[in-house]
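Dear colleague,

I am passing on the structure we spoke of, and you will find it just below. After it I have set down what was found, beginning with the overall fold and then turning to the salt bridges.

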Amino acid sequence: MFHQDQKQGVVVNYNIDTVFDAIIKGAESLSGFSVKNSNKITHSISINVGMSLFSWGEQMTVSLNDLSDSKTEITFSSGSKLGMEYAANTKNRKNIDQLMNGISANTHVIIRSEFTSSEIT
């Protein structure tokens, strides 16, 4: 089975700096998630997700795009570290959902999905 990256984009009604800080706080609040690096200038965040029963772990990337003073586009991407895992699509989708829920549960930034796409690589 081919490795499948999962991507999801959402637009939120918060400024880019607020969203950036909320993503880091949300990721750090989740078991198995760790912020690998973040860049406030490019508004990008790399997150490692640890191993589980069905995977050797995943790498997540979150990119932010400033649409206006009070609107930010967020693009979440999750991919398997090994690239050829049977349950990769399901696990990647779950990682994105967990991160979105972690952000909403641990900060005042509420994230709801507006569009979804997946890509086979």
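**Fold and salt bridges**

The chain, which you should read throughout as a predicted model, has a secondary structure made up of two helices and six strands. Followed from the N terminus, these elements come in the order β-α-β-β-β-β-α-β.

As for how the chain is packed, 43% of its 121 residues count as buried, and the accessible surface amounts to about 6,600 Å², with 52% of that area belonging to carbon and sulfur atoms. Among contacts in the chain with a separation of 6 or more, 60% are accounted for by residues 24 or more positions apart.

Which charged pairs deserve a look, given that the structure holds three salt bridges? I take the pairs in turn below.

One of them joins Lys40 to Asp21, with the closest N and O atoms 2.9 Å apart. Because Lys40 sits in the loop between strand S2 (33–39) and strand S3 (44–49), while Asp21 belongs to helix H1 (residues 16–28), this pair ties together parts that are 19 residues apart in sequence. Both partners fall in the intermediate class of exposure: Lys40 is partly exposed, at a relative accessible area of 39%, and Asp21 is likewise partly exposed, at 40%.

Another salt bridge is formed by the side chains of Glu58 and Lys91, with an N to O distance of 4.0 Å, a value worth keeping in mind when you inspect the pair, because the cut-off for a salt bridge is itself set at within 4 Å. Glu58 lies in strand S4 (residues 58–68) and Lys91 in helix H2 (residues 88–106), so the contact links a strand with a helix across 33 residues of sequence. Are these two residues buried or exposed? Glu58 is buried, with a relative accessible area of 2%, and Lys91 also counts as buried, at 14%, since the class takes in residues under 20%.

The remaining salt bridge brings together the side chains of Arg93 and Asp97, at 2.6 Å from N to O. Here the two residues both lie in helix H2, four residues apart, or about one turn of the helix. Asp97 counts as partly exposed, at 33% relative accessibility.

When you open the model, you might start with helix H2, where Lys91 is found and where Arg93 and Asp97 lie as well.

With best regards

Definitions and conventions: Residues numbered from 1 in each chain as written. Predicted model: local features only at pLDDT ≥ 70, side-chain atom pairs only at ≥ 80, totals over all residues. Heavy atoms only, no water. Buried < 20%, exposed > 50% of the residue type's maximum accessible area, 1.4 Å probe, protein only. Contact = heavy atoms within 4.5 Å. Areas by Shrake-Rupley, 256 points an atom, 1.4 Å probe, with all protein chains shown as cover.
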